[in-house]
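The following exercises concern charged side-chain pairs and their surroundings. Please work through each task before reading its solution.

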Amino acid sequence: MKYQILSVILIIALIFSGCSHTSELSGEYLPENETDVSYSVFYYIHADSDYLYHDPDGQPIWENSKVLATALEVAEQADSGEVFIYHQRPGKKMLGLFPRRNSRLFHYRNGQLHSRVRYRHPDKKEAFLATEAQLVNQYRTKNRTDNHQNYFLYFGHEIPSVNGTGYHRSMPDIDVNTAAFANGIQNFLLSDEDRFGLVLLSTCNNGTPAMAELLIPFTKVMLASPQNLHLSHFDSGKMDLLEREPGISPLQLGYSMAEQTYQRLDANVHTTITLALYDLKHVQGYIHALTSLTAANRAPDRSVQFQDNVDCAELSNLDPERYHKGVKTWYKPARFGRQSGQLTHSGWGCKPEVK
């Protein structure tokens, strides 16, 4: 009898897990309503790690739930756009044996839910963002306006420059690093001629010369924090400006998101606030020289890699006046502590000098 019960359990598990790494749920999209999309927005919300924090009222917030809620609101208002929302959640197994499709993709087109997809990563050592890029190519529309724009919004922990294994708690062998990120988002573009209008890095310590240099081939504007980003997220509600102000430039859009985020943080936190908007067209002229100057301070040791950045202007071999073009900074020093006396910030983050 126990073998019969076990057989039934195994059959049920196989039905629910299946061989495919994706499972499409029902959508609400009406194909006859489709029009050419003016823009595509890609949200990647990483939740396969420790993302518990408390809001100003002391309420616990899990898995970037506020970020996800805002992304869904943006998608529902995107009447002339297409929005992909990836909620990358911890991988789990049914009965400890069968991998479950625990991550979610929400795909909206013209403000309507087109598909809800449960997915997992079939290769636990695959390139970063490989599965997500494959899903984009499977579900995206080819009907685009001539002035179509792309936007990539990443929410997660700091993306390390090297030694990125262990970033995903349930898939520790996937190497997540800055080069892998740049290569990964390239695969979301429809052609080699395409670029993102804006890449948002809602992480700590990724507003760096090295990250900017890696992203210059793929985006016009980068929005990031050069240092610790308290509560670990930018506000993305201003993405609705793509509907309210058609034709808004990526630089104006990034400015609006940074301004909204700064106002929220200014009202709620007493730690250092550092946000920066990079116009990479202007940064391109000096970024290689800046990256070379700061490269000497990079260390392969993992503990150093995850130390909080300092202002690159503090480095002994750097003249910050030569490297400010194209950078707009929102900065407020901490109310107390070592950084309370630092009144300005260059907008560039670097790891502390190696002594």
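**Exercise 1.** Which side chain meets that of Arg109 in a salt bridge?

**Solution.** The model is predicted: local features require pLDDT of at least 70 and side-chain atom pairs pLDDT 80 or more, whereas totals for chains, interfaces and linings use all residues. Residues are numbered from 1 along each chain as its sequence is written, and side-chain values use heavy atoms, without hydrogens and water.

Step 1. Apply the criterion: a side-chain nitrogen of Lys or Arg within 4 Å of a carboxyl oxygen of Asp or Glu. Glu82 satisfies it with Arg109, at 3.4 Å from N to O.

Step 2. Locate the partners. Arg109 belongs to strand β8 (residues 103-109) and Glu82 to strand β5 (residues 81-88), 27 residues apart; strands (E, at least two residues) and helices (H or I, at least four) are DSSP runs numbered from the N terminus.

Step 3. Classify exposure. Buried means under 20% relative accessible area, exposed over 50%, and partly exposed in between (1.4 Å probe, protein chains only). Arg109 is buried at 6%, and Glu82 is buried at 1%.

**Exercise 2.** Where in the chain do Arg144 and Asp194 lie?

**Solution.** Step 1. The two residues form a salt bridge, with closest N and O atoms 3.2 Å apart.

Step 2. Arg144 lies in strand β10 (residues 144-155), while Asp194 occupies the loop between α4 (178-186) and β11 (196-202), 50 residues away.

Step 3. Arg144 is partly exposed at 23% relative accessibility, whereas Asp194 is buried at 15%.

**Exercise 3.** How many salt bridges does the rule give?

**Solution.** The count is six.
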